[in-house]
Amino acid sequence: MKSGMCPKCGSRDVRITPGEPISLSYSRVELVPLLKYVCLQCGFVEEYVAHPDRDRARLATGDLACRAGGAVPLSDEVMRLARDPTTRDQAIAVYSQQAGVGREEATKAVEAYLAFGK
Ligand SMILES: [Zn+2]
């Protein structure tokens, strides 16, 4: 769709319009803009984050911390431990256990939370 061709009907008459922004649970005023791709031939619509590189870290937390297929959002305990540099490793270990993911994925989840801010 982003290439300008509709994946459903093959039409090249695809237009772009702003979508409804995603709000993040930590701060309702912070919105992530979306772009909507609309096929004028068949009516198929797809939405994408407008600036994925810029917004990736924020999107990994809050309402979107839950990965499709199963990861678990950071618990209050993990977030508290993560904010203190002396207990950050502990936060990773606790999240790894709570979410049932490996250390690498747990580290990414904690780093994304810290990059997003408190
Ligand atoms: Zn179409």
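Helices and strands here are DSSP runs, helices of at least four residues and strands of at least two, numbered from the N terminus. I note at the outset that this is a predicted model.

**Entry 1: overall layout**

I began with the secondary structure, and for the protein chain I recorded four helices and five strands. Reading from the N terminus, I wrote down the order of the elements as β-β-β-β-β-α-α-α-α. I then looked up burial across the chain and noted that 19% of its 118 residues are buried. For contacts between residues at least 6 apart in sequence, I found that 40% join residues at least 24 apart.

**Entry 2: the nonpolar core**

Which residues make up the largest nonpolar core? I listed 12 residues in all: Leu74, Val78, Leu81, Ala82, Ala91, Ile92, Tyr95, Ala99, Ala106, Ala109, Val110 and Tyr113. Sorting this core by element, I found that those giving two or more residues to it are α2, at 76-83, α3, at 88-99, and α4, at 103-116. As background I wrote beside this that nonpolar side chains in soluble globular proteins tend to be buried together.

I followed two members of the core further. Setting aside neighbours within four places in sequence, I found Ala91 in contact with Val78, Leu81, Ala82 and Val110. Ala109, which I located in helix α4, is in contact with Leu74 and Tyr95 when its own neighbours within four places are likewise left out. Is Ala109 buried or exposed? I entered Ala109 as buried, because 26 C-beta neighbours lie inside 10 Å and the cut-off for a buried residue is 20 or more. I also looked up Ala109 against Ala57, 52 residues away along the chain, and noted a C-alpha separation of 9.3 Å.

**Entry 3: how α2 meets α3**

Next I looked at the packing of α2 and α3, and noted an angle of about 155° with the axes 7 Å apart. I therefore entered α2 as roughly antiparallel to α3, since an angle over 145 degrees counts as such. The residues that make the contact are Glu77, Val78, Leu81 and Ala82 on the α2 side, and Arg88, Gln90, Ala91, Val94, Tyr95 and Gln98 on the α3 side. By type, I divided the residues of this contact into six nonpolar, two polar and two charged. As for handedness, α2 passes α3 in a left-handed crossing.

**Entry 4: three residues outside the core list**

I turned to Glu104, which is found in helix α4. Glu104 counts as exposed, because there are 10 C-beta neighbours inside 10 Å and the limit for an exposed residue is 12 or fewer. Its C-alpha atom is separated by 8.9 Å from that of Ile92, the two residues being 12 apart along the chain.

Where is Ser23 found? I placed Ser23 in strand β2, residues 22-24, and entered it as partly exposed, with 14 other C-beta atoms within 10 Å. For Ser23 and Leu59, which are 36 residues apart along the chain, I noted 9.5 Å between the C-alpha atoms.

Last, I looked up Ser3, which is found in the segment before β1, where β1 spans 14-18. I entered Ser3 as exposed, because it has 9 C-beta neighbours inside 10 Å. From C-alpha to C-alpha, Ser3 and Val14 are 9.1 Å apart in space, while in sequence they are 11 residues apart.

How values were computed
Residues numbered from 1 in each chain as written. Predicted model: local features only at pLDDT ≥ 70, side-chain atom pairs only at ≥ 80, totals over all residues. Contact = placed C-beta atoms within 7 Å. Core = buried A, V, L, I, M, F, W, Y, C linked by C-beta atoms within 7 Å. Axes fitted to C-alpha atoms, helices over the stretch in contact; angles between N-to-C directions. Parallel < 35°, antiparallel > 145°, perpendicular 65-115°, else oblique. Left-handed = near helix turned anticlockwise from the far one by under 90°. Nonpolar A, V, L, I, M, F, W, Y, C, P; charged D, E, K, R; others polar.
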